[in-house]
Amino acid sequence: MDFIPRFFRKLWIFIRREKFRGELAEEMAFHREQTAKDFQTHDVPSEAAKYAARRQFGNSTQTLEQSHDVVAFGFETALQDFRFAIRQLRNKPGFAATAILVLALGIGASVAIFGFVDAALLKPLPYQNPSRLVGLFESISLGPRFHLSYPDYLDWKRLNTVFSSLGVYENDGFIMRTAASAEQVGIARVSDGFSRTLGVRPVLGRDFRTGEDLPAAARTVLLSYATWQKRFGGRQDVLGQTVTLDGNPNVIIGVLPRDFHFAPAEPASSGLPFTTPMIVVAVTPSMA
Amino acid sequence: MTKKPDLMPGTLDMLILKTLTRAPQHGYGIALSIKRLSQDVLTVEEGSLYPALQRLLLQGWVKAEWKKTETNRRARYYTLTAAGRKQLGAELSQFDQMIAAIGRVLQDT
């Protein structure tokens, strides 16, 4: 078929669409007048004739629309429908508000649920080799999932031939002393190779060194990115500064990446000033 | 008022084109011609006539121009084009085939 002349005719009508509609309206008005005259010659009073003519045509706006739709591009019709929808919603603000509210709640709920499912089930964990990461628990006569004691950890580590790396953590709270006040902060205590096990490298400073989790070693701390930004203003010279936790000074040795998360050891209560934990090396043999 | 039979689907374009073979006509004239020639059996309503005319214009089978009527009114006259004449021929032969086929089915006893 001859698409190209058709397309140009459409384009021509689109460019002169106001004129097109005007002409069509005029044409139809003429048609209607003639029909009214027609009725009149059949001895019908002129008012009645006009009505009869109008009745015969029905809705002339609709006819105009339909005639226009024939020659209009698809998007014009869509645009028209869109404008119509907006007008209708404006006319009934109560209905519009209800509809929008219901949609908003529905979409919001779906997004929230998807967000959770996506993070928990679909997306791989944000670590290197997430598929090779496992959680270990101790099974005792009381049940299958118990934390292990520090001496057990040492034994597991010594006897381990299965895993390439083994790290432990504990979720903890410390009182942090600042110049103005003392605050409780959420902190995870971890073993020295913890971040290496996950495959996470600090964006600033260094990781814990081997042996830094022994009681004899100096107390050191890694900051979460959020803590670094909020409490230390993201300054580079934060390295080497000390934070006082439960009365003991800890040297800041590094900052964790912005997208680092470790859900099992993040404080549940957001009422705490720190919503993301600092990470501090275990300094006591009570690492559970 | 008794309901008049509806136009057979797909035949409106053909009727319009056929009407225009005699002389250029405006929309009202086309409707009137069809009504008269069918002896008031077929009524073409505005609601189907004008969309159909736009379709024919778009296909290039008719062209339109504004002229004065005998009563000195401005009206848009439609003229059959060469392509329209060809289209009419094609539709007529298709229609004949269709009618003949329907006839054969109905006459089967």
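A residue counts as buried here if 20 or more other C-beta atoms lie within 10 Å of its own, with C-beta atoms placed from the backbone. By that yardstick, buried residues make up 21% of the 288 residues in chain A of this predicted model. Chain A carries nine helices and nine strands. Among its contacts with a separation of 6 or more, 62% come from residues 24 or more positions apart.

Turning to chain B, three strands line up as an open sheet in the order β1-β3-β2, with antiparallel pairing. The edges are taken by β1 (25–26) and β2 (62–68) of chain B; each has a single partner strand, so one side of each goes without a neighbour in the sheet. Helix α1 of chain B (residues 12–20) packs on this sheet and touches β1, β2 and β3 of chain B. The direction of that helix makes about 100 degrees with that of β3(B). As for the pairing of β1(B) with β3 of chain B (residues 74–80), it is antiparallel and runs over two bridges. Within these strands, B:His26 sits opposite B:Tyr77 of β3(B).

Then there is the interface, where 21 residues of chain A meet 15 residues of chain B. On the chain A side, α1 (3–15), α2 (17–41), α3 (46–57) and α4 (60–71) each chip in with at least two residues. Sorted by class, the side of chain A that touches chain B is a mix of seven nonpolar, nine polar and five charged residues.

Definitions and conventions: Residues numbered from 1 in each chain as written. Chains lettered and ligands numbered in written order. Predicted model: local features only at pLDDT ≥ 70, side-chain atom pairs only at ≥ 80, totals over all residues. Contact = placed C-beta atoms within 7 Å. Helix = DSSP H or I, 4+ residues; strand = E, 2+ residues; numbered from the N terminus. Nonpolar A, V, L, I, M, F, W, Y, C, P; charged D, E, K, R; others polar. Buried ≥ 20, exposed ≤ 12 C-beta atoms within 10 Å, placed from the backbone. Pairing = 2+ DSSP bridges. Axes fitted to C-alpha atoms, helices over the stretch in contact; angles between N-to-C directions.
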